[in-house]
Every structure is written in C-alpha cells, then in structure tokens.
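Grab a pencil and work through the exercises below at your own pace. Each one sets a task and then walks through a solution step by step.

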Amino acid sequence: MKVVVDMNKCQDHGQCVFAAPEVFSMDDSGRLAYVADPDDALRDEVEEAADVCPLQAIRIED
C-alpha cells in the first residue's frame with residue numbers, strides 16, 4: 001500500500017491524524033507529515049483517514 005497526499009489540496013485540518021496517528025502527524029510547523037508506505041495492517045485506519053479528509057487530498061494506491 002502506498003499513501004499519496006496531494007499537498008496542494010491539503011490544508012492541514014488534521015482529521016487524518018486522528019484517524020490514523022501511526023501514519024499521519026503534524027510537524028513542528030503545523031504541516032502534515034506522513035508515512036508514504038505504511039504497513040498493510042494499517043489499511044483500515046488509512047482508508048478512514050482518506051474518508052474523513054475534508055478536501056479528499058489522500059489517495060491509497062496498491
């Protein structure tokens with residue numbers, strides 16, 4: 001699984017951080033940071049993060 005975030009769309013709302021904290025986080029400057037190739041065991045959390053993103057900036061590729 002590969003996580004792709006369109007950083008041009010992302011406005012750092014942080015909903016993904018709550019849904020999948022092992023994959024998404026906010027850096028020291030308040031910008032989104034993420035693991036691009038998380039363990040497949042986290043798929044449900046990553047899918048939830050993609051669903052709750054208000055701007056639909058998160059995509060999952062296999």
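## Exercise 1: Serine 25 and its surroundings

Serine 25 touches Val17, Arg31, Leu32 and Ala33 when residues up to four places away in sequence are not counted, a contact being heavy atoms within 4.5 Å. Before going on, know that this is a predicted model, where local features need pLDDT of at least 70, side-chain atom pairs count only at pLDDT 80 or more, and totals for chains, interfaces and linings use all residues. Residues are numbered from 1 along each chain as its sequence is written, and side-chain values use heavy atoms, with hydrogens and water left out.

Task: work out where serine 25 is found and whether it is buried, partly exposed or exposed.

Solution, step by step:

- Start with the element: serine 25 is part of strand 2. Helices (H or I, at least four residues) and strands (E, at least two) are DSSP runs, numbered from the N terminus.
- Next, the surface: serine 25 has a relative accessible area of 32%, so we call it partly exposed. The scale is buried under 20% relative accessible area, exposed over 50% and partly exposed in between, with a 1.4 Å probe and protein chains only.
- Finally, try a distance: the C-alpha atoms of serine 25 and glutamate 47 are separated by 16 Å, with their positions 22 residues apart along the chain.

## Exercise 2: The two sides of helix 2

Task: find which residues of helix 2 are buried and which exposed residues sit on the face turned away from them.

Solution, step by step:

- Look along residues 43–52, which make up helix 2: Val46, Ala49 and Ala50 are buried there.
- These residues span an arc of only 100° around the axis, so they are on the same side of helix 2. That arc is taken from the directions running from the helix axis to the C-beta atoms.
- Now ask what covers them: the cover includes strand 1, helix 1, strand 2 (24–26) and strand 4 (58–61).
- Turn to the face pointing away from the buried side, and you meet the exposed residues Asp44 and Asp51.
- Check one of them: aspartate 51 counts as exposed because its relative accessibility is 58%. Its C-alpha atom is separated by 9.6 Å from that of glutamine 15, 36 residues apart along the chain.

## Exercise 3: A loop with a buried aspartate

Task: describe aspartate 12, starting from its place in the chain.

Solution, step by step:

- Aspartate 12 sits in the loop between strand 1 and helix 1.
- With a relative accessible area of 19%, aspartate 12 is buried.
- Its contacts, leaving aside neighbours within four places in sequence, are Met26, Gly30, Arg31 and Leu32.
- With arginine 31 there is also a side-chain polar contact of 2.5 Å. A polar contact is a pair of N or O atoms within 3.5 Å; within protein, one must be able to donate a hydrogen and the other to accept it, and residues adjacent in sequence count only if both atoms are side-chain atoms.
- Last, the backbone: aspartate 12 isn't a glycine, yet it has a positive phi of about 60°.

## Exercise 4: Where two loops meet

Task: which residues does lysine 9 contact, leaving aside its neighbours within four places in sequence?

Solution, step by step:

- Place lysine 9 first: it lies in the loop between strand 1 (2–5) and helix 1 (15–19).
- Lysine 9 counts as partly exposed because its relative accessibility is 43%.
- Its contacts, with those neighbours left aside, are Leu55, Gln56 and Ala57.
- For Ala57, compare chain and space: lysine 9 and alanine 57 are 48 residues apart in sequence, and 5.6 Å apart C-alpha to C-alpha.
- Leucine 55 lies in the loop between helix 2 and strand 4. Leaving aside its neighbours within four places in sequence, leucine 55 is in contact with Lys9, Gln11 and His13.
- Glutamine 56 also lies in the loop between helix 2 and strand 4, and it has a positive phi of about 50° although it is not a glycine.
- Glutamine 56 is partly exposed, since its relative accessibility is 47%.
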